[in-house]
Amino acid sequence: MIPSCCCSLTPLSSSTSISKFISDQPYLTMLEKQCTNMKDLQKIHANLIKTGLANDTIAASRILAFCASPAGDMNYAYLLFTHIQTPNLFAWNTIIRGFSQSSTPHNAISLFIDMLISSPIEPQRLTYPSVFKAYTQLGLAHDGAQLHGRIIKEGLESDPFIRNTILYMYMNCGFLSEALQMFDKDEEFDVVAWNSMIIGLAKYGEIDESRRLFERMQFRNAVSWNSLISGYVRNGKLMKALELFGKMQEKRIEPSEFTMVSLLNACARLGALRQGEWIHDFIMKNDFELNVIVSTAIIDMYCKCGTIEKALQTFGAAPKKGLSCWNSMIFGLAMNGCEEEAIHLFSKLQSMNLKPDSVSFIGILTACNHSGMVDEARFYFSLMTNTYKIKPSIKHYSCMVDVLGRAGLLEEAEGLIRSMPVNPDAIIWGSLLSACRKHGNIEMAKEAAKRVIELDPGDSCGYVLMSNVYAASSHFEEAMEERLSMKEKHIEKEPGCSMIEVDGEVHEFVAGSRLHYRAPEIYSLLNELGLVLHEIEYV
């Protein structure tokens, strides 16, 4: 608690050197060199109040600056600020900047408005970036655009620091046209602005435009390359990400751990084991820190590429096992047919200092689902809600509906869907519909298909599954009606797609497509195999 004193911020004489003044004051020297936390700060502040030095401009500014830093306390900083009778520009900028970087950025905007209305001090070029950062955190680019207008009137739009924060605000909040309009002006933007554009465009799906800007850059740093690689992964252009990393290597640009994580995610989604192993080796040879994020990405890559042994080796060797490592390993075991091992690992997690979270329970419920362990699934679902007090998400309910549906407990599965506190989506009704097909329950399937179509009218899933239900029960006329209904509504089934890695190269095949560069050889070989099989069958 701050004592009830008022700091008037009496200035030093102009002839006094600030650095000399600090070095002559033991407590200010301690504040500059030894203070690392709020407990230290409060002791120093108490002594400055006793000596009367807390009223000095430099002393009060230094105390306020520490309190508004990441090591400080914004509540204490605000109390200190309110005790200053006539805060100067530095004090206003410090408190606004502190709140803009905190969990309560709206306070930065409120203080900025107070500054405009009640203070004789006018905001200057160092004030505005913090306010734009606060608008960015809050997603209020529309309000930030009004402040942009003030910047233009004051002739500060060409200031690189202000301009970059405005651009970042527009891009981060999805105001792409405003950002592009601002960026396309004939002004020289620095690499920070270019990177903001590349990140923002990729974030909102404009990955080709992001690449276009990347190619236009005269100077690229590691952030530029990393941003575009992660953008490709986020937008599902996984081969492009790997190709760009190859070019990055040719240019001898040093990748960061974020590059490695993005590439591992790409390999995981492609099933590109050979390339994933190469990236793992690259991480080890180049002494990247095996922190929780990197270790989790390696484990996830091996699991999704089906090499569960290497995933377990990585998990065992990880110097730091965060909860995400445990979750990836549990889920990986469950997805690779090692359900008992997944349950064992979950039990081990329960005995550790780490508490299972909602993702942990998705992993263990998936294990129960794949092995058809209905009673165990009920137990873990109850454990999650009653013991760990975790509110089930739609994904947890989907796992339960799956495991119940596979076991033929269709009424219980439907009852669970109808009793959910969250609205069921098309996926969960689709799970029930698949179970109805397996167990031949046409009436329940009709209701489930109706719900799927209502929730996602443009998706073919409801029609195709219902057609299959009818066909499995020898109701071929009704099955044809479902297919015709799809055709009348111009709904097309998304073609199947598969990938295979051969000699370190990932090949993609789409059903009905012959665009692969070796398609003639592949189909020729298939025809030959067909003839061989026909002869074997004849013999």
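Which side chains meet in a salt bridge at 2.2 Å, N to O? Arg-212 and Glu-209 do, and the legends below start with the overall picture before coming back to this pair. Please keep in mind that the model is predicted.

**Figure 1. The whole chain, built from 30 helices and two strands.** Welcome to the overview! The chain has 539 residues, and buried residues make up 44% of them. Its accessible surface comes to about 28,700 Å², with 54% of that area belonging to carbon and sulfur atoms. Now think about who touches whom. Among the contacts with a separation of 6 or more, 57% are between residues 24 or more positions apart.

**Figure 2. Two salt bridges in helix α13.** Let us zoom in on the pair from the opening question. Side chains of opposite charge can pair when their charged atoms come close. Here, the side chains of Arg-212 and Glu-209 meet, with 2.2 Å from N to O. Both residues lie in helix α13, which covers residues 207–216, and three residues separate their positions, about one turn of the helix. Is each partner buried, partly exposed or exposed? Arg-212 is partly exposed, with a relative accessibility of 37%. Glu-209 is partly exposed as well, at 23%.

A second salt bridge can be found in this helix, where the side chains of Arg-211 and Glu-215 come to 2.7 Å, N to O. These two residues are four apart in helix α13, so about one helical turn separates them. Arg-211 counts as buried because its relative accessibility of 17% is under 20%. Its partner Glu-215 counts as partly exposed, at 43%.

**Figure 3. A salt bridge that links distant parts of the chain.** In this view, look for Glu-412 and Arg-378, whose closest N and O atoms are 2.9 Å apart. Glu-412 belongs to helix α25 (residues 410–419), while Arg-378 belongs to helix α23 (residues 374–387), and the two are 34 residues apart. Both ends of the bridge are partly exposed: Glu-412 has a relative accessibility of 34%, and Arg-378 has 31%. Elsewhere, Glu-122, Arg-150 and Glu-154 are joined into one network by salt bridges that share partners. How many salt bridges does the structure hold? The count is 13.

**Figure 4. Two buried cysteines, Cys-173 and Cys-325.** A disulfide is a covalent bond between the sulfur atoms of two cysteines. In this model, the count of disulfides is zero. Two cysteines are picked out for this view. Cys-173 is buried, with a relative accessible area of 18%. Cys-325 is buried too, and its relative accessible area is 0%.

**Figure 5. Helices α6 and α7, packed roughly antiparallel.** Two packed helices are described by the angle between their axes and the distance between the axes. Helix α6 spans residues 89–100 and helix α7 spans residues 106–118; their axes come within 7 Å and cross at roughly 155°. An angle over 145 degrees counts as roughly antiparallel, and α6 and α7 therefore fit that description. Which residues meet here? From α6 come Leu-89, Trp-92, Ile-95, Ile-96, Phe-99 and Ser-100. From α7 come Asn-107, Ala-108, Leu-111, Phe-112, Asp-114 and Met-115.

**Figure 6. Two loop residues with a positive phi, Arg-252 and Lys-389.** Most residues other than glycine have a negative phi, and most peptide bonds are trans. Arg-252 is not a glycine, but its phi is positive, at about 60°. You will find Arg-252 in the loop between α15 (238–250) and α16 (257–270). Arg-252 is exposed, since its relative accessible area of 76% is over 50%. Now turn to Lys-389, with a positive phi near 55°. Lys-389 lies in the loop between α23 and α24 (394–406). At 65% relative accessibility, Lys-389 also counts as exposed.

**Figure 7. Ser-431 and two residues that it touches.** Our final stop is helix α26, which covers residues 426–439 and includes Ser-431. Is Ser-431 buried or exposed? Ser-431 counts as buried, with a relative accessibility of 15%. Leaving out residues up to four places away in sequence, Ser-431 touches Val-401 and Asp-402.

Notes. Residues numbered from 1 in each chain as written. Predicted model: local features only at pLDDT ≥ 70, side-chain atom pairs only at ≥ 80, totals over all residues. Heavy atoms only, no water. Buried < 20%, exposed > 50% of the residue type's maximum accessible area, 1.4 Å probe, protein only. Contact = heavy atoms within 4.5 Å. Areas by Shrake-Rupley, 256 points an atom, 1.4 Å probe, with all protein chains shown as cover. Salt bridge = Lys/Arg side-chain N within 4 Å of Asp/Glu carboxyl O. Disulfide = S-S within 2.5 Å. Axes fitted to C-alpha atoms, helices over the stretch in contact; angles between N-to-C directions. Parallel < 35°, antiparallel > 145°, perpendicular 65-115°, else oblique.
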